[in-house]
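Please open the structure in your viewer and keep the selection panel at hand. The tour moves from one selection to the next and says what is there at each stop.

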Amino acid sequence: MTEFKQRIFSGVQPTGNLTLGNYLGAIRNWVALQKKYESIFCVVDLHAITVWQDPAALREATREVAAGMIASGIDPRECIIFNQSQVPGHAELAWIFNCVARMGWLNRMTQFKDKAGKNKERASVGLYVYPDLMAADILLYKATHVPVGEDQKQHLELARDIAQKFNSDYGVDFFPVVEPLILGEAKRVMSLRDGTAKMSKSDPSENSRINLTDDRDTIAKKIRKARTDSAPIAGTIEEMADRPEARNLINIFAALSDQTAGDICVRYDGQGFAAFKKDLAELSVSVLGPITEEMKRLTDEKTYIDQILKSGSEKARALSAPILKEVHNIVGFLQS
Ligand code: AQP
């Protein structure tokens, strides 16, 4: 299996604007990893429809997420970029994994509980089996490493369980046991309004997140309005353990400036948040501004983006076809 050792797979749902959370938790790390690993990056539209998506908006968001990846520095000549629905193997392997995964495993998934809320009887079946599809996304390419934000850790553990159970049920050593790559100082970027909730594309409050489509003034305004507390910034991040909003802003600052959270605490030790927020706004605009502009430019180039997704999906199909064929063989599907 040596040829598969260095392969990564990761994805983003086209469920709205990309956020600073998606950027710091995932896409920025992919940019750094693409040189080291054979990389497959996917706009996971099959995942997106586990909650209702307006079809026209889904098409737009799919292009926008692809444009966001490229604008952030993912190189389509080096990596495979495609949208999931153009490679039917994802849905096919997910079905097989629906038959491998156990109800008890899925019942423990906190993302389903969070997203379905109190009304889980009305949640889609797709939302419930979302982690099986995610396992299929990764294992369809026998990817061994998956760079994600911390919120996806539990789903990756499930992907490992599925790979191991498949191997053991069929008496094979076929699927690798995937390793998460959870990197950087902002592994879980929190809402700007509530330091205990994840920054999310689908949060109803616009002020809870920074979108990669936000202009400079909007970014600055959202940071100015970000919730903090009345205590000054402490000299170490450990002293801020019980101050989730403050800690979140420090982590964002650290990640955007390629420093550690400790460095930022030392720099602002004893100060209030006014000067810090001003600097953070300037830093955010300087890092995100060029990405936003390039993303907007690329989003308008529909033919170019569609071509990248088409060519990426052809490569992804070619890469996954022999793996899927072998899965059919292992499971006992007659191939004529
Ligand atoms: N707040 C976050 N902090 C760190 N990483 C994050 N990611 C998402 N939010 C944060 C990482 O981004 C990648 C793509 O995530 P996704 O779009 O597939 O789905 P998600 O995790 O459910 O993100 P959202 O923004 O919360 O989407 P919605 O609102 O549609 O559910 C993943 O690697 C994720 O870890």
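**Pockets and ligand**

Begin with helix 6 (110-116), which gives 4 residues, the largest share, to the lining of the second largest pocket; helices (H or I, at least four residues) and strands (E, at least two) are DSSP runs numbered from the N terminus. A pocket here is an open set of points on a 1 Å grid over the protein atoms alone, where a 1.4 Å probe fits, with protein on both sides within 12 Å along at least five of seven lines, and its lining residues have an atom within 4 Å of a point. The model is predicted, with pLDDT of at least 70 needed for local features and 80 or more for side-chain atom pairs, while totals for chains, interfaces and linings use all residues. Residues are numbered from 1 along each chain as its sequence is written, and side-chain values use heavy atoms, without hydrogens or water.

Stay with the second largest pocket, whose volume, the space filled by probe spheres set on the grid points, is about 350 Å³. Select Gln-111, Asp-114, Asp-151, Arg-188 and Lys-198, the closest to its centre of the 15 residues that line it. Helix 9 (153-170) joins helix 6 in giving two or more residues to this lining, which has 2 nonpolar, 6 polar and 7 charged residues, with Gly counted as polar and Asp, Glu, Lys and Arg as charged.

Next, show the largest pocket, which holds about 680 Å³ of space. Of its 38 lining residues, select those closest to the centre, namely Gln-13, Asn-22, Asp-151, Gln-152 and Lys-198. Strand 1, helix 1, helix 6 and helix 8 (130-139) each give two or more residues to this lining.

Now display the ligand, which sits in the largest pocket (more than half of its atoms lie within 2 Å of the pocket's grid points). Its shell is made of 21 residues, each with a heavy atom within 4 Å, and the closest include Lys-115, Ser-200 and Ser-202. Colour helix 1 (20-33), which gives the most to this shell, with 4 residues.

Finally, check the polar contacts (pairs of N or O atoms within 3.5 Å). Ligand oxygen atoms lie 2.8 Å from a polar backbone atom of Gly-149, 3.3 Å from a side-chain N or O atom of Gln-152 and 2.3 Å from a side-chain N or O atom of Lys-201. Taken alone the ligand exposes 640 Å² (Shrake-Rupley method, 1.4 Å probe), and the protein buries 97% of that.

Conventions. A polar contact is a pair of N or O atoms within 3.5 Å; within protein, one must be able to donate a hydrogen and the other to accept it, and residues adjacent in sequence count only if both atoms are side-chain atoms.
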